[in-house]
Every structure is written in C-alpha cells, then in structure tokens.
Amino acid sequence: MILLMKRCSLLTVVLLLLYSLSEAQPLKNPDSFLIKNDPLPAVFLVGSFHFAYYNMDAHTVSKDKQIDVLSPQKQQEMARLVAYIAQFKPTKIVVEARNSAKLGQRYRRYKTGQAALARDEIDQIAFRLGKQFNLDTLYAGDAPAVDDEMLASADSVAFKAYLGRIFEGYDFKSEDTLSRRYMAYFNYETDLTTRLSLLDYFAYTNSTNVLIREYGAYLSGDFTLGTYRGADALALYWYDRNLRIFRNIQRITTSPSDRILVLFGRGHISLLNQLFSATPAYKYIRFNDLPKGGK
C-alpha cells in the first residue's frame, strides 16, 4: 500500500511538472500558420456618403444639411482628400455600381475630356484617381442580394409570400431606445459634413471604432422582429449583398501585386471592414494608416 501511494505521488508530481511545462509554452498566434512571407494583394477601403444625396437610404439628409461638393471650397477639399487616398497607389478601383458597361462609358468620357465630373462620389474620387494612375478600367463591385434573386426567379410566386412574411415591418422605422440613439448619432454625423473638411470627415467616419459601431445599427430595431425574422431579413438582403461584394473583390484579384481601392457607401464599408479584418488573404490597409503628410 505504501509503495502504491509513493508511485501515485510520483505520478502526480510528473503530471504536474508536465502540465507546468505545457503552460509555460507561449500560445501561438493563428497568423503564424496562416500568414507567411509570400506577398499579399493590398486592399484599401473608403466609405463615403453619397455626394449627390440620392436619399434612398434609411437615413436621409434634408436640403439645409446638404453640402455642395462642386463649390470652389469643397473642390479644394476634394483635391486634398484625393491626394491623401492617392498615397495608396491603386492598381484597381472597385466602386458601388452594378452596370460595368455604363460605368466604363462614363469613365471613358471623362478621361477623354468629353464630360466633366458629376457630383457623384464615383466621379469625384474614383474617376480622378483612375485617370491619375492611368487605369483603363474601373470595376463595378455591387451585387444584388439573394432575396432580390429569389423574387426575380421563376419561382418568385412561392418566394414572395415567404419573403413577405420575413420582411413584414422591416422598414428602419424602429423607436426602441438604441435605434433612437443611433439616429441621434447619424444626425450628428450629418452635421459634421457642414463643419469639417472632407478629409477630416472621411478620417473620422472611416476610423475603426466608427465603422464597428455603425454596423451595430443593423443589430437593433428591426433586427428584433419576431423570433428570427429580423435576423433572417438582415442575412438575406444586407449581409448576403456585402458577402457578394466581397466575393466580387476576390474575383478581380488576379495578382499578389494588386492594390485594390474599394469606394462604397459607408454602410457597406462597415461590414467589409469585418471581412477584410478576418481574411488572411489580403493586406488590409485602413483609411487612417496612410502617412498624415498626405493631408
């Protein structure tokens, strides 16, 4: 019995020693497995408000809060904003458009001097940079969500009733406490466009914390409809659409030397920020990572 107890005690000491040695070993960063020395394509996300104020989003901007990006003052600011972004030196530019032919026609007319820049952020930012870096093509990276395709399919009659039940009441008009707080924040953000230069505004609204918190707006209000209806609606139309946009960016990535500028409405960028933060397949350069001398 004494011998058995001694053996058990010895075994316990050995196990404790092995455990302490294992605990002393530093835990490995997953990037040590996923990221090697091979070059990665770079991506740079730019989230913008819509300069032409289409007011097709849930948050609309009244006339008295709309700035004129074509005014002399804003054009000077635009030049500084574009110069800052130009430090990224894009080889490809992806914009919030779906019709590649129409986008290409507009871009070629600008490049050849047949048309002036319109008010839209695609013209004001992407066209300028495309011409500066002598890019032949701009990429239309937007995509329909799966619910759009379901309604346009041959089986749309069956899908329409199903989707109708899911999206009933999903209208961005919630009055819960958190939704009201987000509305107050979005109003504050809109007011900033009248007080900050374009570059300072973009630096603030493309900062990491702002992008993370702005996506949180989708996780309140309508998201709480039913047991899962709000979650399903968000997945079917918004999350799916942005996953497809991410996939479009993957599809135009053809070389590790690609430097891809992505210009979209900031609601998209808040989600793309999550995706590019997660993937080890790209070198993600955030908006405020560029040298401040570019300002």
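These entries record what I looked up about four paired strands in a predicted model.

**Conventions.** I worked on a predicted model, in which local features need pLDDT of at least 70 and side-chain atom pairs count only at pLDDT 80 or more, while totals for chains, interfaces and linings use all residues. Residues are numbered from 1 along each chain as its sequence is written, and side-chain values use heavy atoms, with hydrogens and water left out.

**Entry 1: β1.** I took strands as DSSP runs (E, at least two residues), numbered from the N terminus. I then checked burial in β1, residues 42-48, with buried meaning under 20% relative accessible area (1.4 Å probe, protein chains only). Seven of the seven residues of β1 are buried, so the strand is largely enclosed by the rest of the structure. In a regular strand the side chains alternate between the two faces of the sheet. I found A42, F44, V46 and S48 buried on one side of β1, and V43, L45 and G47 buried on the other.

**Entry 2: partners of β1.** I counted two strands as paired if DSSP finds at least two bridges between them. β1 pairs with β4 in the parallel sense over seven bridges. Within this pairing L45 stands opposite V262, and V46 opposite L263. β1 also pairs with β5 (residues 283-285), in the parallel sense over three bridges; there, V43 has Y284 as its bridge partner.

**Entry 3: β4.** I next examined β4, residues 259-265, and found it mostly covered, with six of its seven residues buried. Strand β2 (residues 92-95) pairs with β4 in the parallel sense over four bridges, and I93 stands opposite L261.

Notes
Buried means under 20% relative accessible area, exposed over 50%, partly exposed in between (1.4 Å probe, protein chains only).
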